[in-house]
Every structure is written in C-alpha cells, then in structure tokens.
Amino acid sequence: MFQLIIITLVSLFTLTTVTYGQTAAVSPETQECIGCHSSVSPGIVADWKRSRHASITPAEALKKTDLQRRVSNAQIPKEYVDYVVGCAECHKMNPADHKDTFDHNDAKVHVTVTPKDCATCHPEEVEQYNDNIMSRARNNLKKNPVFSSMADSINGTQRFANMKTTITPPNEKTEADSCFHCHGTQIEVKGTVKRDTDFGEMEFPVLSGWPNQGVGRINTDGSEGLCSSCHSKHRFSLTLARKADTCSQCHKGPDVPAYKAYSVSKHGNIYASLGGEWNFKEVPWTIGKDFNAPTCAVCHVSLLVTENGDVVAKRTHRMNDRLPWRILGLPYAHPHPKSPDTSIIRNKDGMPLPTALSGEPASQFLISAEEQEKRRITMTTVCMSCHSKNWVNGQWARFENTIHTSNEATKTATDIMLTAWKTNMVDNGSLFDDVLEKMWVQDWLFYGNSTRVASAMMGADYGVFAEGRWFSTKNIQEMVEHLKTLNFQSPQAPPRKK
C-alpha cells in the first residue's frame, strides 16, 4: 500500500503535461489509476498519453467549430467536462449497468468499455453505429440458423468412421477463435478469481468470450458493438481508423476480400506509395490537401470537405449510408437490408436469407429503389471529387453489370445444387455437409464476392484469376462433373445406354 501511495503522489506532479505539449487537467481518479498501471501495464499508459483523449478536455473540444468538432454531445455531464478522458472516466462510467463491475482499490471499476459509455461524448456516432449491420454482427450470425449451421460445418471437429465423416459442433473457444473473432463474442461474468499482484492479493471478475474486439460484440451492459474495433484502445487513433490496414483485420479473407481487391487497385497503389505523406489526423478531412486517393474511410465513413470548406460527404458510422448494394457474404448481391438485425429476414420460402435460392429478393426487408438511388448519389459525389462524371458513370455501369453477371453465375451453381437435392442425390437436411454443397458455397461466398468487390474497387485483376471469374467458371464445371458422378452412382438413376 505504501508503494501505491508513493507512485500516486508522483503521478500528481507528472501527469499534467502530455505528448501534444498542452497542459491538460487529469482527474484525481485517473491519476490514481496511472500511479499503478505505469508499472503494471506501461504499454497501455504510453498509448493513452499519446492519445487525443489525454491532451484535450471535453470543454476544450466543445469550443471547436462544427466541422472541426469530434464530440457530438453539446451537454457533456459536468463531472467529465473539465478533465481529460482518462482511465477512470471510461472504466468507472455507468458502473451499475456493467455486470463486470468489481471493487478495485476502493472504487467501482469495470473491465469492458462499451458504446453506451462512449455515447456520453459521442451519442450521434453511437446511434449511427447502432443502426449499422456491423453492430449486430454477432447475433446476425448466431441467430440465423443457415449462417450458424455453416459456421458449425467449418469450425466443428470432423471424425471419420464407416466410410463417412461426422461433425461435432465447435465449442465456445473455437467459435471465439474463428468466426466470432470478427463478428464478436458475448461477454459474460462467470464469477471472480483472486490473484497475487505487486500490490497484494486482489479479486477480479472472470469473463467468458474474452478477449474479443469483434464489431458486434455483446457487452456486459447489454450494448452491442465495439468502438475500439476500429478506434483501437487506448490510443483511439483517428489515423488508425482512417487507414485501410485497420479494415483489413476483418476484410481480407476470401469471403470478404475487400482489402485484397483494394490493394491491387490504382487507389490502393497510390495509398501504398504515397500514403506516408498524407495527413490522417485533420478534421474535417480535406480532399486533395490531406489525401489524394481514397481509403475505406474516405468512401464509407469520413467527413470530407473541399479546400474551400464545402462539405462533400457528412461523417457517418452507419457503414452502408453510401452503399445501395450489399455485395458480400450472401448468395446473391441485393439491396441493403432496412434493419441492422438481419436475423429477422425471411425470403418467400421462409428461409432467413435476403433472397430466395432463385435470386428473388425479399423486398419487404430491403431498402427501396429510391433509397438505393439516394445512396448511389452520395457515393458518386465522393467519387466525383477526383473523377469526371463520365468516368464515374462508366465505372458504376460496369459495377452493376458485374452484380448481374455474378448473380447469374450463382444462379447456375444453385440450379446444379437444386437438381441434386430434388433427385435425392444429395441430402438437403444440412446445406453445408456434402462435397457438392461446399462447392456451391465456394461459388458465391468466395468467387462471387471476389468478383463483385474487385469490380467495385477497380481492382479488376483480383476478380479474374485471383479468386474471381476463372475459379467460378471452373467450379461450376466441376459441380456438373460431380453431379454426373452422383447420378451414375445413384440407385434411382436410369441404366446407362450401351
């Protein structure tokens, strides 16, 4: 305890000057946290000291102009407004709401910091994110029997006996280490544990689903989503969130290959070559001055202005505000869902999918053509900051043609699959446990997605031979050959002609 007191006293004299060179007021509660954690977790403290949170109080933030302001709450509670945002301001926020709140050095502290906490200063951003499919990513996977059975077929343990394989469903740790790493786990308190520390024996909560930084994480206060998925703790860097590398954490695999397609596009080429010269910190973000080619944030999120200060696009944390089409993760590209909770969607056959297997959209759950056009105009306005209207219209026409042709490829693969089901050559009790079914999934989940994303991002080569059209056409031919083999082996098949 004496060591704790000495460290805390030292912190009182050292925690007013931070990296940005400003004098910022640090609350006594945060000073106490830093007193211990400077030695216990120095990396965390160093990150925080470099953050904007550590260098400016909410009161100072509110003095910025509307376009420069990064907080959206004009009435920040008085107990927070005059201190920088430190450990205590986040980890002691709303203690009654957090099931992981525990007694720590005579204070009520919680391990997790959630969107509900961030909303104290950033309510508009949290509200937008809450209306975003990402915020529901965990439940959109877990509560959809089609998606969850596909995840089980991937992550479950296979066993071989009697000339066939069976699958044991994955346990929670396997799920957290695979699909739910990005989609988000559910954090639950499973009791407490006592540990010996440098400051004596202390008691801490035991959390299941932890660690996790998935975009749709279900938190201990009941909120869904996680700001630090993009604004990584404890720096909460705007630079980090604006760089494409951050999005690549979850958008690199063959099912969501956005980063791979972007990296081979002309935009990705410019970013890789010249991005080191760009200003990623400025708010608002000025086109042509701060950067000269888009990253993911430019197209989907950021507040963009011209050098004259004219607003090109408003900041949004609902990632599909500028997207008329949903092109990833589903058999067919389709208009975006109206609700971020996609588990409520049912197609005409009663399946929890936004289209029927024939490709017909479940229109009552999807945005209208008018809303699609509104979003298309918003996106093309961003494009036309650097490109002529003819260029942008030509690119958009190619992209929508690719939506049509890739959907046609999916339809062909699905017709093959439906034939196998209807003739009982393949059991459709599960959609994902047969070789032919897995080939069908590959066609839309890998090759269709790659083809569409490559077209959208002008990374054309990635959509041809990398994991796009070549593999789609080859896969469809192989599906046909496999169907012929099944037909020959089937006892219901007609006798072969001599």
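**Exercise 1. State which residues of α18 are buried, and which side of the helix they take.**

Solution. The buried residues (under 20% relative accessible area; exposed is over 50%, partly exposed in between; 1.4 Å probe, protein chains only) of α18 are Gln-372, Arg-375, Arg-376, Met-379, Thr-380 and Val-382. They sit on the same side of α18, because they cover an arc of only 145° around the axis. The arc is taken over the directions from the helix axis to the C-beta atoms. An α-helix has 3.6 residues a turn, so residues three or four places apart point the same way. Next, the opposite face. Exposed Glu-370 and Lys-374 are on the face of α18 turned away from its buried side. Finally, the cover. It includes α17 (296-300), β8 (304-305), β9 (311-313), β10 (325-326), β11 (334-335) and α19. Helices (H or I, at least four residues) and strands (E, at least two) are DSSP runs, numbered from the N terminus.

This is a predicted model: local features need pLDDT of at least 70, side-chain atom pairs count only at pLDDT 80 or more, and totals for chains, interfaces and linings use all residues. Residues are numbered from 1 along each chain as its sequence is written, and side-chain values use heavy atoms, with hydrogens and water left out.

**Exercise 2. Check the length of α18 against its expected span.**

Solution. Helix α18 covers residues 369-383, which is 15 residues. The expected span is 1.5 Å times one less than the number of residues. For α18 that should give 21 Å. The end C-alpha atoms are 21 Å apart, so the two values agree.

**Exercise 3. Place Asn-212 and list its partners.**

Solution. Start with the location: Asn-212 lies in the loop between β6 (200-208) and α13 (238-242). Asn-212 has a relative accessible area of 7%, so it is buried. Now take the polar contacts (pairs of N or O atoms within 3.5 Å; within protein, one must be able to donate a hydrogen and the other to accept it, and residues adjacent in sequence count only if both atoms are side-chain atoms). A polar side-chain atom of Asn-212 is 3.1 Å from the backbone oxygen of Phe-180. The Asn-212 side chain also reaches the backbone nitrogen of Gly-214 at 2.8 Å. Then count contacts (heavy atoms within 4.5 Å). Beyond four places in sequence, Asn-212 touches Phe-180, His-181, Gly-184, Thr-185, Arg-217 and Leu-226.

**Exercise 4. Find the cis peptide bonds in the loop between β6 and α13.**

Solution. One joins Trp-210 to Pro-211, with omega near 0°. Pro-211 is in this loop. Another joins Lys-233 and His-234, with omega about 0°. His-234 is in this loop too.

**Exercise 5. Describe the largest nonpolar core.**

Solution. A nonpolar core is a set of buried Ala, Val, Leu, Ile, Met, Phe, Trp, Tyr and Cys residues joined through side-chain atoms within 4.5 Å. The largest has 30 residues, and Leu-436 and Trp-440 touch the most other members. The elements giving two or more residues to this core are α10 (145-155), α19 (389-422), α20 (435-456) and α21 (469-489). Apart from this core lies another, of 17 residues, including Tyr-259 and Phe-280. Look at Leu-436 again. Beyond four places in sequence, its contacts include Met-417, Val-426 and Leu-486.

**Exercise 6. Compare two positive phi values outside glycine.**

Solution. Asn-162 has phi of about 55°; for Met-458 phi is near 60°. Asn-162 is in the loop between β3 (157-161) and β4 (164-168). Met-458 is in the loop between α20 and α21. Asn-162 is exposed at 74% relative accessibility. Met-458 is partly exposed at 33%.
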